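These are my notes on the model, set out as numbered points. They take the internal cavities to begin with, then the strands and the nonpolar cores.

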Amino acid sequence: MEGVRPNDPVTHPPYGHILSLFITTKAQAAAPAMDALVSANRISPATTIVLMTNGMGVYEQIVESFFKDPETRPQFVLATNTHGASLKRWFDVVHAAKGQINYAVVPDPLGRDQEIDKALRPKFTTNSSSAAPTPSTQQIFSSLHQTVSLLNTLSPRLNTKLETIHHLHHRLILKLITNCCINPLTALKDCKNGDLLRDEDALKTIREICEEAAEVLKRKSADEEEEMVVLAQSESAPSKVNPLPLIRAPSAAELEEEVLRVARLTAENYSSMLQDVRKRKPTEIEYLNGHLTRLAQLYGVVTPANDTLAERLRQKSTQTMQAGVVYSEH
């Protein structure tokens with residue numbers, strides 16, 4: 001499954017194409033990392049890319065920037081992770097709390113049957129050789145089957161679960177709005193997640209953002225339903241269909257309940273955004289609140305609470321980085 005091995009012969013491209021690529025970087029680092037790999041000709045249509053980044057918009061950014069042509073686009077698996085972990089030093093990671101990894105395969109842009117069920121068969125085997133420059137359909141899906149099979153075998157230890165892209169997208173939406181509230185608020189207030197539950201100003205902001213997000217998602221869902229009706233009456237290519245549609249639009253109350261549930265569940269945790277601010281590192285704000293803002297603009301919805309919170313966070317992050325201040329955790 002590795003793309004580079006020490007004893008591999010140097011060929012062109014160096015070491016051959018990567019078969020399975022797991023991207024677990026910060027959201028803002030995913031595209032630059034992909035740029036380096038694409039420039040080195042390490043990615044082919046037979047590559048499977050697992051995106052396990054925070055926020056939303058990374059998949060769309062990567063496809064738009066590097067793989068507009070569905071004929072040469074690699075296969076994608078989207079995943080979300082709730083395990084708790086911290087990095088003590090390079091290659092020394094503490095698994096602090098067990099969670100789960102939910103993942104889904106993005107439908108093939110050309111509408112081909114990916115036969116994902118094959119990857120879940122106990123005796124499934126596949127050819128592990130590097131893909132040819134113009135691989136057959138079997139070669140294209142070989143690494144996808146290997147990757148899904150690997151994720152499936154990790155279930156006893158990491159609680160991995162394969163689900164439909166519709167259900168995963170709904171899960172990602174809930175996580176997005178939760179992070180849009182908890183991350184910047186804790187970073188601005190320099191507090192633990194649970195402290196927000198006792199902060200009236202924070203609770204008010206959470207409710208307002210959830211109301212704004214619900215309206216955006218309602219408009220998005222309605223627009224997608226209309227698009228599907230039009231496509232059903234036409235002969236448009238499968239690649240024109242939105243691969244990440246909403247299964248349904250959650251209500252403001254549902255979003256708020258989820259935010260508060262996560263805040264209670266992770267009450268003693270410091271959010272990743274707070275840790276980034278303290279360490280003078282760039283934050284993922286553009287893939288959280290920034291993504292919600294872009295969606296709102298697309299569907300003609302105003303989101304003043306979300307936009308104000310995002311701007312306040314940007315200002316604090318910039319000031320902290322310029323000041324060269326490194327905060328220690330309480």
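1. The largest cavity holds about 150 Å³ of space. A cavity here is a set of points, on a 1 Å grid over the protein atoms alone, where a 1.4 Å probe fits but cannot get out, and lining residues have an atom within 4 Å of a point. Grid points are joined across faces, edges and corners, and the volume is the space filled by probe spheres set on the points. The model is predicted: local features need pLDDT of at least 70 and side-chain atom pairs count only at pLDDT 80 or more, while totals for chains, interfaces and linings use all residues. Residues are numbered from 1 along each chain as its sequence is written, and side-chain values use heavy atoms, with hydrogens and water left out.

2. The largest cavity is lined by 12 residues, and Gly 55, Met 56, Tyr 59, Leu 78 and Leu 172 are the closest to its centre. Helix H2 (58–66) and strand S3 (75–81) are the elements that give two or more residues to this lining, and H2 has the largest share, with three. Helices (H or I, at least four residues) and strands (E, at least two) are DSSP runs, numbered from the N terminus. By class, eight lining residues are nonpolar, three polar and one charged. In this scheme Ala, Val, Leu, Ile, Met, Phe, Trp, Tyr, Cys and Pro count as nonpolar, Asp, Glu, Lys and Arg as charged, and the others, Gly among them, as polar.

3. The search of the whole structure finds two cavities of 30 Å³ or more. The second largest has about 40 Å³ of space, and its lining consists of Thr 53, Asn 54, Gly 55, Thr 80, Leu 172, Lys 175 and Leu 176. Helix H5 (residues 165–189) gives the most to this lining, with three residues. The classes are two nonpolar, four polar and one charged.

4. Is strand S3 enclosed or in the open? Six of its seven residues are buried (under 20% relative accessible area, 1.4 Å probe, protein chains only; exposed is over 50% and partly exposed in between), so S3 is largely enclosed by the rest of the structure. S3 pairs with strand S2 (residues 48–51) in the parallel sense over four bridges; two strands pair if DSSP finds at least two bridges between them. Thr 48 has Gln 75 in S3 as its bridge partner.

5. Strand S4 (residues 84–89) has six residues, of which the number buried is zero, so S4 lies largely in the open. S4 pairs with strand S5 (residues 92–97) in the antiparallel sense over five bridges. Two residues lie between the strands of this hairpin, where Phe 91 takes a positive phi near 65°.

6. Gly 84 stands opposite Ala 97 in S5. Ala 97 counts as partly exposed, at 39% relative accessibility. Leaving aside neighbours within four places in sequence, Ala 97 is in contact (heavy atoms within 4.5 Å) with His 83 and Gly 84.

7. The largest nonpolar core (buried Ala, Val, Leu, Ile, Met, Phe, Trp, Tyr and Cys residues joined through side-chain atoms within 4.5 Å) has 64 residues. Those with the most contacts inside this core are Ile 23, Met 34, Ile 49, Leu 51, Ile 62, Phe 76 and Leu 255. H5 gives the most to this core, with 13 residues. Apart from this core lies another, of 13 residues, among them Ile 101, Tyr 103, Val 105 and Phe 141.

Definitions and conventions. On a 1 Å grid over the protein atoms alone, a cavity is a set of points where a 1.4 Å probe fits but cannot get out, and a pocket is an open set with protein on both sides within 12 Å along at least five of seven lines; lining residues have an atom within 4 Å of a point.
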